[in-house]
Amino acid sequence: MPGDYDIEYASPWAGANYMPFSARDTAAAQWDRDTWPDFKDLATNHLDAGVHFQGCRMVNRKIDMDKTYPFTGGKVDANPWWSKVFDDFRYLDPSELTEEQHSGVYFTSVCINTSIYLPWLVSQCLANGVVFKRSIFEHVSDAAAPGIHHSGHRADLVINCTGLSSLKLGGVEDTKLYPGRGQTVLVRNDAGCMYAQLGTDDGESEMMYIMTRAAGGGTVLGGCYQSNNWDSQPDPSLANRIMKRCVSACPKLTNGQGFEKLDVMRHAVGLRPCRNGGARLEKEKINGIWVVHNYGHAGAGYQSSYGCSKVVLKLVEEALQHQARL
Ligand SMILES: Cc1cc2nc3c(=O)[nH]c(=O)nc-3n(C[C@H](O)[C@H](O)[C@H](O)COP(=O)(O)OP(=O)(O)OC[C@H]3O[C@@H](n4cnc5c(N)ncnc54)[C@H](O)[C@@H]3O)c2cc1C
């Protein structure tokens, strides 16, 4: 639940920001596209949600242009489809790049302070009459059992949003899931802008990103994407590499005084719920109960969230209509 910091719960550990990396003309690109208006609205009209606008500078190095990255599942795209999403998207002028950089873009996106945003989502649900209960289910259909739902009756439908745990959840046991371990350093220093670079000199599972969270939430320095690594503990050597890379990309973080001057709040590890073939948005009947699946969002669970919820709503309506006809 929001407020908990457990390795089984990915959401609090995210940066989080809206910075699409889905491939052109895919379902994932459509989910990302359909999510942006909602985050733009939150940052404009709902300041209590902990989401704020922030400039974002993404650069690509010349030596990385032909590499394939586990994080994006593809090569660096110097001309992304999402250039049309942002009002102020622009390609960086060569005069704004270093000798080793191939290209770059700048746009204003949002950064989400997850420690405010997740409880805010709970309060939105409470205001709309949602009843919360805490329980661990062995089997997905247990969530529909009489006595679990506050009506006392068997539920008509279950929406399965159990992330990486759908690997083990009875009735689902989706072996396409695997962890994409992410390690970050949360600091008090302010970057003033988001920065990202996919390639580093430290191997293809490592990258560089910086984002300052809304409302005093600190600045998240990242990171890595280590497939099939379940380790919940921060690796101190990796933390050092992350801090050095981030200060090198944005010396302003410590006013040019080196990475030793970072003011560290916390070292953190989260497991992205990755899935071969992408997130699963599907409905199926399990033990006579309609289940709508919405899991496996890897490193895009926030930036695809509202788009996915629109698909889930459609699947729920289809399932309930089908049920009503029987
Ligand atoms: C370091 C890091 C950085 C990231 N940065 C970004 C970013 O900038 N932008 C972005 O869009 N995404 C980002 N992500 C990805 C994003 O955090 C995830 O995609 C998203 O949080 C997944 O949400 P979820 O609700 O599907 O899963 P989770 O947050 O893991 O939630 C699963 C829930 O299911 C519950 N559950 C599981 N099994 C059971 C069971 N058997 N019974 C009862 N309950 C159960 C858990 O308790 C939990 O509440 C990042 C992730 C990490 C780790």
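Helices and strands here are DSSP runs, numbered from the N terminus. With that in hand, let's walk through this predicted model, starting with a residue in one of those strands: Arg-272, which lies in strand 12.

## The annotated positions

UniProt, in an unreviewed entry, gives the annotation "binding site" to Arg-272 and Gly-299. The two are spread over 28 residues of sequence, yet they cluster in space, with a largest C-alpha distance of 5.8 Å. Gly-299 belongs to the lining of the second largest pocket, a feature we will come back to below.

Arg-272 has a relative accessible area of 13%, under the 20% cut-off, and therefore counts as buried. Its surroundings fit into a long list: beyond its neighbours within four places in sequence, Arg-272 is in contact with Phe-71, Met-207, Tyr-209, Cys-224, Tyr-225, Ala-298 and Gly-299, among others. That list also includes the run Tyr-178, Pro-179, Gly-180, Arg-181 and Gly-182. So the two annotated residues, Arg-272 and Gly-299, are themselves in contact.

The unreviewed UniProt entry also lists Thr-162 under "binding site". Thr-162 sits in the loop between strand 6 (157-160) and strand 7. Is Thr-162 buried, partly exposed or exposed? With a relative accessible area of 34%, Thr-162 is partly exposed.

## Pocket and cavities

The second largest pocket has a volume of about 540 Å³. Its lining is made up of 26 residues, and those nearest its centre are Phe-21, Ala-28, Gly-278, Ala-279 and Ala-298. Ala-298 is also one of the contacts of Arg-272. Which element gives the most to this lining? Helix 1 does, with four residues, while strand 12, like helix 1, supplies at least two.

Closed spaces are present as well: a search of the whole structure finds two cavities of 30 Å³ or more. The largest cavity holds about 80 Å³ of space. Its lining consists of Tyr-5, Pro-12, Trp-13, Thr-184, Leu-186, Arg-213, Val-220, Arg-266 and Ala-268. Strand 12 (264-275) appears again here, since both strand 7 and strand 12 supply at least two residues of the cavity lining.

## Nonpolar cores

In soluble globular proteins, nonpolar side chains tend to be buried together. In this model, the largest nonpolar core has 44 residues. The residues with the most contacts inside this core are Phe-39, Val-51, Trp-82, Phe-107 and Tyr-117. Several elements each supply at least two of the core's residues: helix 1, strand 1 (51-61), strand 5 (101-112), helix 2 (114-127), strand 7 (177-187), strand 8 and strand 9.

Phe-107 gives a good view of the packing. Leaving aside neighbours within four places in sequence, Phe-107 is in contact with Tyr-18, Met-19, Met-58, Trp-82, Phe-86 and Phe-89, among others. The contacts of Phe-107 also include Gln-54, Gly-55, Cys-56 and Asp-88.

A second, separate core has 19 residues, including Val-185, Ile-242, Cys-246 and Cys-250.

## Salt bridges

Side chains of opposite charge can pair when their charged atoms come close. How many salt bridges does the structure hold? There are 17, and three of them are set out here.

| Acidic residue | Basic residue | N to O distance |
|---|---|---|
| Asp-87 | Lys-40 | 3.2 Å |
| Asp-64 | Lys-67 | 2.9 Å |
| Asp-202 | Arg-245 | 2.7 Å |

The bridge between Asp-202 and Arg-245 joins the loop between strand 8 (194-197) and strand 9 (206-212) to helix 3 (residues 236-249), so the pair ties together parts that are 43 residues apart in sequence. Asp-202 is partly exposed at 32% relative accessibility, whereas Arg-245 is buried at 12%. Elsewhere, salt bridges that share partners join Arg-61, Asp-64, Lys-67 and Asp-201 into one network. Within that network, Asp-64 is buried, at 1% relative accessibility, and Lys-67 is partly exposed, at 24%.

The pair of Asp-87 and Lys-40 also links distant parts of the chain, 47 residues apart. Asp-87 is in the loop between strand 3 (74-75) and strand 4 (90-91), and Lys-40 is in helix 1 (residues 27-45). Why does Asp-87 count as exposed? Its relative accessibility is 70%, which is over the 50% cut-off. Lys-40, at 31%, counts as partly exposed.

Conventions:
Residues are numbered from 1 along each chain as its sequence is written. Side-chain values use heavy atoms; hydrogens and water are left out. A salt bridge is a side-chain nitrogen of Lys or Arg within 4 Å of a carboxyl oxygen of Asp or Glu. Buried means under 20% relative accessible area, exposed over 50%, partly exposed in between (1.4 Å probe, protein chains only). A nonpolar core is a set of buried Ala, Val, Leu, Ile, Met, Phe, Trp, Tyr and Cys residues joined through side-chain atoms within 4.5 Å. Contact means heavy atoms within 4.5 Å. UniProt positions are given in the numbering used here, feature names are shortened, and annotations may be inferred rather than shown by experiment. On a 1 Å grid over the protein atoms alone, a cavity is a set of points where a 1.4 Å probe fits but cannot get out, and a pocket is an open set with protein on both sides within 12 Å along at least five of seven lines; lining residues have an atom within 4 Å of a point. Grid points are joined across faces, edges and corners, and a volume is the space filled by probe spheres set on the points.
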